[in-house]
Amino acid sequence: MPVTVQGICHRWLILLRASPVDPMRGYNRRLSSPTESSLPMYTLARQLLFKLSPETSHDLSLDLIGAGGRLGLNGLLCKAPAKLPVTVMGLEFPNPVGLAAGLDKNGAAIDGFAQLGFGFVEIGTITPRPQPGNPKPRIFRLPDAEAIINRMGFNNLGVDHLLARVAAAKYKGVLGINIGKNFDTPVERAVDDYLICLDKVYAHASYVTVNVSSPNTPGLRSLQFGDSLKQLLADLATRRAELALRHGKHVPLAIKIAPDMTDEETAQVAQALIETGMDAVIATNTTLSRVGVEGMEHGDEAGGLSGAPVRDKSTHTVKVLAAELAGRLPIIAVGGITEGKHAAEKIAAGASLVQLYSGFIYKGPALIRESVDAIAALR
Ligand SMILES: Cc1cc2nc3c(=O)[nH]c(=O)nc-3n(C[C@H](O)[C@H](O)[C@H](O)COP(=O)(O)O)c2cc1C
């Protein structure tokens, strides 16, 4: 169905009529008492959305946020965050709280997310060619743990489609484009896919994120180690130098890493980033660990775990990076921010910016402002 006002109303009607029999009963008990972070309106919307399968509710939310953005309505949904300007990677951010990659993989709702108050928006992960991702179901909610397990597998419509969405967006703020490899490109040829994407997105991105940390593309995480990482980063740096000349601008490159490395491995990544002239590191992607969700429904699903259970692991990675980098490269922290104070913890651990994903699903847009306020209180 095309995304028109009528279409949106129709979808809301479907939502309102959704079965009152909710498999997430335990969660709904908690929904009756909204937390500080969730506005009553979002609490109601979430109650309705959580009656649908995670992927259906994801698609519907994206449609609604996108349509709200096109109509310029999303700013009315929540109080705008305070201004908290910060300059990182040579870019100016109105506030340090961004949207993490994966929520808007195809750039379908860039204006909509920006209007909710995010200080920057990261879209992707995008691959050179469109691909369907893994079979459904492939997202699972673990509400008692404020967590999600996903094994989406980079389902996306391809880089050309994404660029058309970027061109259609009115947003003029900081836009990150997160790039990856197609599932059927052998990992030894992964660099080819990253370079294809880098070439195409370069002129349109404020920064480009190189995703080497998704657990759902076989072999991808091996690119985080040793010579594979150094070679990939060196090739990206060489191509970036050519692109900078061609386009007359330096687009920062950020590398997104997993929380599942040893401290020594994380420190080695930090050194490789410095040596190859990268501009930032994003810590972290989802974890393969199941600590914190053992015995829960869906707790043993394959995929990456995000939300509250990854928080401490992620923050630990930020601390290890901060010690190793000693200010030479900024850190963008993501993982388990479900309350404002967690965003402040990430900044205190050494990050310059933060991103939200699972916390945004559980707490809604109010978490953006709450995070900005908590970070502002550190100053
Ligand atoms: C359903 C889902 C899809 C995701 N897809 C991507 C992706 O395509 N690329 C990426 O770099 N990270 C992706 N992520 C990881 C998030 O960007 C983030 O790094 C991770 O979830 C930890 O943050 P959180 O605890 O706030 O969710 C995804 C996460 C989820 C839950």
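**From one strand to the barrel around it**

Asn 178 stands opposite Thr 209 in strand E8. Let's start from that pair and work outwards through this predicted model, in which local features need pLDDT of at least 70 and side-chain atom pairs count only at pLDDT 80 or more, while totals for chains, interfaces and linings use all residues. Residues are numbered from 1 along each chain as its sequence is written.

Asn 178 is one of the buried residues of strand E7. Strands (E, at least two residues) and helices (H or I, at least four) are DSSP runs numbered from the N terminus. Six of the six residues of E7, residues 174-179, are buried, so the strand is largely enclosed by the rest of the structure. Here, buried means that 20 or more other C-beta atoms, placed from the backbone, lie within 10 Å of the residue's own. In a regular strand the side chains alternate between the two faces of the sheet. Both faces of E7 are covered: Val 174, Gly 176 and Asn 178 are buried on one side, and Leu 175, Ile 177 and Ile 179 on the other.

What lies beside E7? Strand E8 (residues 207-211) runs parallel to E7 and is joined to it by four bridges. Strand E4 (residues 120-126) is also parallel to E7, with six bridges between them. Within that pairing, Ile 126 stands opposite Ile 179.

These strands belong to a closed barrel of eight, in the order E3-E4-E7-E8-E9-E10-E12-E13, with parallel pairing; a pair needs at least two DSSP bridges. Further along the barrel, strand E12 (residues 331-334) pairs with strand E13 (residues 353-356) in the parallel sense over three bridges. There, Ile 332 stands opposite Leu 353.

Now for helix H13 (residues 366-376), where nine of the eleven residues are buried, so this helix too is largely enclosed by the rest of the structure. Among its buried residues are Leu 367, Ile 368, Arg 369, Glu 370 and Val 372. Their cover includes barrel strands E3 (97-99) and E13, along with helices H3 (40-49), H11 (340-348) and H12. Contact here means C-beta atoms, placed from the backbone, within 7 Å.

H12 (358-363) also takes us to the ligand, since it supplies at least two residues of the shell there, as do strands E6 (147-150) and E11 (304-307) each. Of the 27 residues around the ligand (C-beta atom, placed from the backbone, within 6 Å), Ala 100, Gly 102, Ser 306, Tyr 357 and Ser 358 come nearest.

Notes. A residue is buried if 20 or more other C-beta atoms lie within 10 Å of its own, exposed if 12 or fewer, and partly exposed in between; C-beta atoms are placed from the backbone. Two residues are in contact if their C-beta atoms, placed from the backbone, lie within 7 Å.
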